[in-house]
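Here is a short report on one protein structure. Look at the model first, then read on.

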Amino acid sequence: MSRTRAGGSWRRTLVVLVAVHVAAVLAPILAPYDPARQHRQHPLAPPTTVHVVDAEGRWRRPFVWACTEVGQPENCEARRFPVQVFTGAHLFGVEEPAGLFLLGTDALGRDVLSRVLHGARVSLLSGLLAAALALGLGVLLGGLAGYYG
């Protein structure tokens, strides 16, 4: 394997790891919803498709289609809801009754993306605490072993 391929590989890996860590730290801003919020009208919803071309073939700013009436999806009239940027405390979102579920929802209607981003924070914290504990114990035991021989 050439050096340039191997060198580029670890750089890409580092970029992905940094991006994941930044996304986890910024979870309250990046997540479109609170992780515990339930959208009872959207249980087990598939990932929402974000569109940029409407039904007439014209380019629009990003939007999602949503049913504005309660009932069977095949009986309702779909309406465009634009994706809004900087919606209060979140980076992006849409108005009700539409939902922006980029990874879908679970059985209780909770946004999976929001839950993954907030869950990553817990995972990163536990990893950092484990590394700090291992470092502290290693320094302590190494110091004792070096002093007492």
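## Salt bridges

Five salt bridges are counted in this structure. The model is a predicted one. Three of these contacts are listed below, with the distance from N to O.

| Residue | Partner | N to O distance |
|---|---|---|
| Asp 54 | Arg 58 | 3.5 Å |
| Arg 60 | Asp 54 | 2.9 Å |
| Glu 56 | Arg 58 | 3.3 Å |

Read the table by partners. Asp 54 meets Arg 58, and Asp 54 also meets Arg 60. Arg 58 in turn meets Glu 56. Through such shared partners, Asp 54, Glu 56, Arg 58 and Arg 60 are joined into one network.

How buried or exposed are the members of this network? Start with Asp 54. Its relative accessibility is 6%, and buried means under 20%, so Asp 54 counts as buried. Arg 58 has 43% relative accessibility and is therefore partly exposed. Arg 60 is partly exposed too, with a relative accessible area of 31%. Glu 56 stands at 59%; the cut-off for exposed is over 50%, so Glu 56 is exposed.

## The sheet

Now turn to the strands. Strands of a sheet pair through backbone hydrogen bonds, and the pairing can be parallel or antiparallel. Here, three strands make an open sheet, ordered E1-E2-E3, with antiparallel pairing. Strand E1 covers 51-53 and strand E3 covers 78-82. Each has a single partner strand, so each stands at an edge with one side lacking a neighbour in the sheet. From one strand to the next, the twist averages 55 degrees.

Strand E2 spans residues 59-67. Two bridges link E1 and E2 in the antiparallel sense. Which residue of E2 is the bridge partner of His 51? That partner is Phe 63.

## Aromatic contacts

Phe 63 comes up again among the rings. A pair of aromatic rings is described by two values: the distance of the centres and the angle of the planes. The structure has three aromatic pairs. One of them joins Phe 63 and Trp 65, with 5.3 Å from centre to centre and 90 degrees between the planes. That pair is edge-to-face. Phe 63 is buried, at a relative accessible area of 1%. Trp 65 has 37% relative accessibility and is partly exposed.

Another pair is formed by Tyr 147 and Tyr 148. Their ring centres are 4.9 Å apart and their planes meet at 85 degrees, so this pair is edge-to-face. Both tyrosines, Tyr 147 and Tyr 148, are exposed.

Phe 63 has a charged companion as well. Arg 80 lies over the face of the Phe 63 ring, 5.5 Å from the ring centre.

## Nonpolar cores

Last, look inside. How many residues does the largest nonpolar core have? There are ten. Four of the names are aromatic: Tyr 33, Phe 81, Phe 92 and Phe 101. The others are Val 64, Ala 66, Val 83, Val 94, Ala 98 and Leu 100. A second core is separate and has five residues, including Ala 23, Ala 27, Ala 31 and Leu 113.

Definitions and conventions
Residues numbered from 1 in each chain as written. Predicted model: local features only at pLDDT ≥ 70, side-chain atom pairs only at ≥ 80, totals over all residues. Heavy atoms only, no water. Phe/Tyr/Trp six-rings, centres within 6.5 Å; stacked < 30°, edge-to-face > 60°. Buried < 20%, exposed > 50% of the residue type's maximum accessible area, 1.4 Å probe, protein only. Lys NZ or Arg CZ within 6 Å of the ring centre and 35° of its normal. Core = buried A, V, L, I, M, F, W, Y, C linked by side-chain atoms within 4.5 Å. Pairing = 2+ DSSP bridges. Helix = DSSP H or I, 4+ residues; strand = E, 2+ residues; numbered from the N terminus. Axes fitted to C-alpha atoms, helices over the stretch in contact; angles between N-to-C directions. Salt bridge = Lys/Arg side-chain N within 4 Å of Asp/Glu carboxyl O.
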